[in-house]
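This report introduces a protein structure to a reader who has not met it before.

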Amino acid sequence: MFSKFATAAVAATLSLAASAAMAGAGDYSFDPVNPEMKKGDDVTLAVRLTNKRTGKLVSDAVIFKTRVDMAPDGMAEMESPVAPLPSKEPGVYAFKTDLPMAGRYQVTLSAKVQGESETITGKVIVKATK
């Protein structure tokens, strides 16, 4: 009888360990630091990258692709240039971009996180006001 319980306990432990080791791209989210900002040139746009399983910010990601456009307002062709800025706090990634008119902008990011084989991709919506 004890052997059956021991076997079940070992199986449960291995199952939990395997699922913890198999975190994936869906376990992360990008969120805007300020979801609303004034329109203009050289606007600083910042996003947080969070591990949804732990609730902790991810500070060692390498953001290798960014795009800012007005896709939420049906104008995906209105793309703005994006340049990375130094981070002022762990887990927050900042960029300089242009938000030339009031409206909603979509920020698309692709990142590599240490220990993850999959690319983390996220879309964040921010609003530019007058």
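The following paragraphs treat the sheet, the core and one residue of strand 1.

The model is predicted, so local features need pLDDT of at least 70 and side-chain atom pairs count only at pLDDT 80 or more, while totals for chains, interfaces and linings use all residues. Residues are numbered from 1 along each chain as its sequence is written, and side-chain values use heavy atoms, without hydrogens and water.

An open sheet of mixed pairing is built from five strands in the order 2-9-8-4-5. Strands are DSSP runs of E with at least two residues, numbered from the N terminus, and two of them pair if DSSP finds at least two bridges between them. Strand 2 and strand 5 stand at the edges with a single partner strand each, so one side of each lacks a neighbour in the sheet. Strands 8 and 9 run antiparallel and are joined by nine bridges; Ser 110 has Thr 121 in strand 9 as its bridge partner.

The largest nonpolar core (buried Ala, Val, Leu, Ile, Met, Phe, Trp, Tyr and Cys residues joined through side-chain atoms within 4.5 Å; buried means under 20% relative accessible area, 1.4 Å probe, protein chains only) has 24 residues, of which Phe 30, Val 47, Leu 49 and Ile 120 touch the most other members. Strands that each supply at least two residues of this core include the following.

| Strand | Residues |
|---|---|
| Strand 3 | 40–51 |
| Strand 4 | 62–70 |
| Strand 7 | 92–99 |
| Strand 8 | 103–112 |
| Strand 9 | 120–129 |

Ser 29 lies in strand 1, residues 28–32. Leaving aside neighbours within four places in sequence, Ser 29 is in contact (heavy atoms within 4.5 Å) with Arg 48, Leu 49, Thr 50 and Lys 52.

Conventions: Helices (H or I, at least four residues) and strands (E, at least two) are DSSP runs, numbered from the N terminus. Buried means under 20% relative accessible area, exposed over 50%, partly exposed in between (1.4 Å probe, protein chains only).
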